[in-house]
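Grab your viewer and a pencil. Try each exercise yourself before you read its solution.

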There are 2 protein chains.
Amino acid sequence: MRPLATDLGAAPLIVLTRPQMGENIGAAARAMLNFGLEHMRLVAPRDGWPNPSATAMASGAGYVLENAGVFEDVAGAVADCDYVYATTARGRGLVKPVLTPEAAMEEARAMIAAGKRVAVLFGPERAGLENDDVAHANAIITVPVNPGFYSLNLAQCVLLTAYEWMRQGSNAAGVRLELAGTDLASQIEIEKLGDHFEEKLEDTGFFFPPEKAPHMKLNLRNMLGRWGMTRSEVQTLHGILRQLVRPRR
Amino acid sequence: MRPLATDLGAAPLIVLTRPQMGENIGAAARAMLNFGLEHMRLVAPRDGWPNPSATAMASGAGYVLENAGVFEDVAGAVADCDYVYATTARGRGLVKPVLTPEAAMEEARAMIAAGKRVAVLFGPERAGLENDDVAHANAIITVPVNPGFYSLNLAQCVLLTAYEWMRQGSNAAGVRLELAGTDLASQIEIEKLGDHFEEKLEDTGFFFPPEKAPHMKLNLRNMLGRWGMTRSEVQTLHGILRQLVRPRR
């Protein structure tokens, strides 16, 4: 049994309540691990435990299943937790805060940073959590879907929750430039390319009539500067310029 | 063929490039519709089109498939689009901005608000997009996953992109209180409940020793105020108080 990389309290525990199909348990483990969640708990899995269908589906996330705790009821599964969310698709007639996954994972991060242990309950595939299960939770998570169409399956619900957990903890920039082994051209390289363009275009009489030339040159320089060219793109354009004005045989 | 509710330019188009299994096309349609995306385009689906397996899987999202455009190549599928994203799992050795789904959908919302038509390309199930496909895109979307584990399938990639689209457009509050037909208690109701507690507890000699009584009462009031009780919960506590002090037979 491969040990888990993270402490029990370092991220939300995922509690699958009375899951039916082993395949869905395995798919939930994969969904979790995509976004760094490793701690799974199972409440009364229908087909017993361990479950070969779950293991087969989990593939590289098999160690999440091997480490999963199995409990008889929800109360036992969350007994050592400080704060519990229940995921439901719709209102349950219980007085509770209802959060989006986004707001819940923001709150969960704050609680976990304060040393609290957080769990998220997911219900069985078809029926979802019963009110007796939801009563064990401090708050509800409901994914804000198209009101005219809801078809999220168990692994997809786990996936969206885990995604929000990682998204909010990520320090990664939202946008980065893939440079593929080259580098952005420096300003002086752009400037020299502009000089080269002007020189070759002057030769061809491009800047006509003369009173419009300054504006045409400004536009040219602006365009070259705005593209964010790489060093190799600048070299390519130099080569193209030379080639285009080469006398034809 | 049921018409689509949204205009072609109102949300990103989802372009599935050389998809293999019909089931995955159907699952992608469902993933889209969960978060309000209706416009699908298909590039050279392996098993032809229409595909009964896709229809069977799509269930309530079948009209997304019925309205899907089918194209021979990526160039044709995005010819009428102003801005194209390509989803890839890893760097492709091409100079392009790489965005998270979050940053990409923020940018897409801005472009769509400015009247631009945006498309998102997804590759075939196993291999993903080829560099020739990616070259048609202005930018890359890469989901920031656990660097040690990647197992997102086609429908899950579509789901996360569609989720980000809807999440960023939602005006819904991240947290709301489900009140289940009752209402929060007013401050005067909380105050009267505190009076009732104090009265009954005084009778039982709870506030002892006398010098600690003010602090004990303060804690009691603070606790009752902090719970955010509903009107019916206040009534329940009044009833409990009365019942507990009733002379036993």
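Here are five exercises with worked solutions, all on a predicted model.

**Exercise 1. Find out what the record says about residues 13–163 of chain A, then describe that stretch.**

Solution. Start with the record: an unreviewed UniProt entry annotates residues 13–163 of chain A as "domain: tRNA/rRNA methyltransferase SpoU type". Next, look at the secondary structure, which over this range is 37% helix and 19% strand. Last, check the two ends: their C-alpha atoms are 14 Å apart.

**Exercise 2. Work out how β4 of chain A is placed and which strands it pairs with.**

Solution. Step one is burial. Take a residue as buried when its relative accessible area is under 20%. By that test 5 of the 5 residues of β4(A) are buried, so the strand is largely enclosed by the rest of the structure.

Step two is the direction of the side chains. A:Tyr83, A:Tyr85 and A:Thr87 point one way, while A:Val84 and A:Ala86 point the other way. Both sets are buried.

Step three is the pairing. β4(A) runs parallel to β6(A), residues 118–122, and 4 bridges join them. Here A:Tyr85 has A:Val120 as its bridge partner. β4(A) also pairs in the parallel sense with β7(A), residues 139–141, this time over 3 bridges. In that pairing A:Ala86 stands opposite A:Ile140.

**Exercise 3. Compare the span of helix α1 of chain B with the expected one, then decide whether the helix is enclosed or open.**

Solution. Begin with the length: α1(B) covers residues 22–34, which makes 13 residues. From first C-alpha to last it reaches 19 Å, close to the 18 Å expected at 1.5 Å a residue. Now turn to burial. Since 10 of the 13 residues are buried, α1(B) is largely enclosed by the rest of the structure. Among the buried ones are B:Ile25, B:Met32 and B:Leu33.

**Exercise 4. Of the 30 salt bridges over all chains, examine A:Arg18–A:Glu130, A:Lys200–A:Glu199 and B:Glu164–B:Arg167.**

Solution. Take A:Arg18 and A:Glu130 to begin with: their side chains meet at 4.0 Å, N to O. The pair links distant parts of the chain, 112 residues apart. A:Arg18 sits in the loop between β1 and α1 of chain A, and A:Glu130 in the loop between β6 and α6. Both ends are partly exposed, A:Arg18 with a relative accessible area of 26% and A:Glu130 at 47%.

Then go to A:Lys200 and A:Glu199, whose closest N and O atoms are 3.5 Å apart. A:Lys200 is at 13% relative accessibility, so it counts as buried. A:Glu199, at 44%, counts as partly exposed.

Finish with B:Glu164 and B:Arg167, where the closest N and O atoms are 2.9 Å apart. Both residues lie in helix α7 of chain B, 3 residues apart, about one turn of the helix. B:Glu164 and B:Arg167 are both buried. Salt bridges with shared partners also tie these two into one network with A:Glu102, A:Glu164, A:Arg167 and B:Glu102.

**Exercise 5. Say which residues make the nonpolar surface patch of about 200 Å², and place A:Val95 in its chain.**

Solution. List the members: A:Val95, B:Leu177 and B:Leu184 make the patch. Then locate A:Val95, which lies in the loop between β4 (83–87) and β5 (96–99) of chain A. Its exposure comes last: with a relative accessible area of 32%, A:Val95 is partly exposed.

Key: Residues numbered from 1 in each chain as written. Chains lettered and ligands numbered in written order. Predicted model: local features only at pLDDT ≥ 70, side-chain atom pairs only at ≥ 80, totals over all residues. Heavy atoms only, no water. Patch = residues over 30% accessible without salt bridge, like charges linked within 9 Å, V, L, I, M, F, W, Y side chains within 5 Å. Areas by Shrake-Rupley, 256 points an atom, 1.4 Å probe, with all protein chains shown as cover. Helix = DSSP H or I, 4+ residues; strand = E, 2+ residues; numbered from the N terminus. Buried < 20%, exposed > 50% of the residue type's maximum accessible area, 1.4 Å probe, protein only. UniProt positions renumbered as here; feature names shortened; annotations may be inferred. Pairing = 2+ DSSP bridges. Expected span 1.5 Å × (residues − 1).
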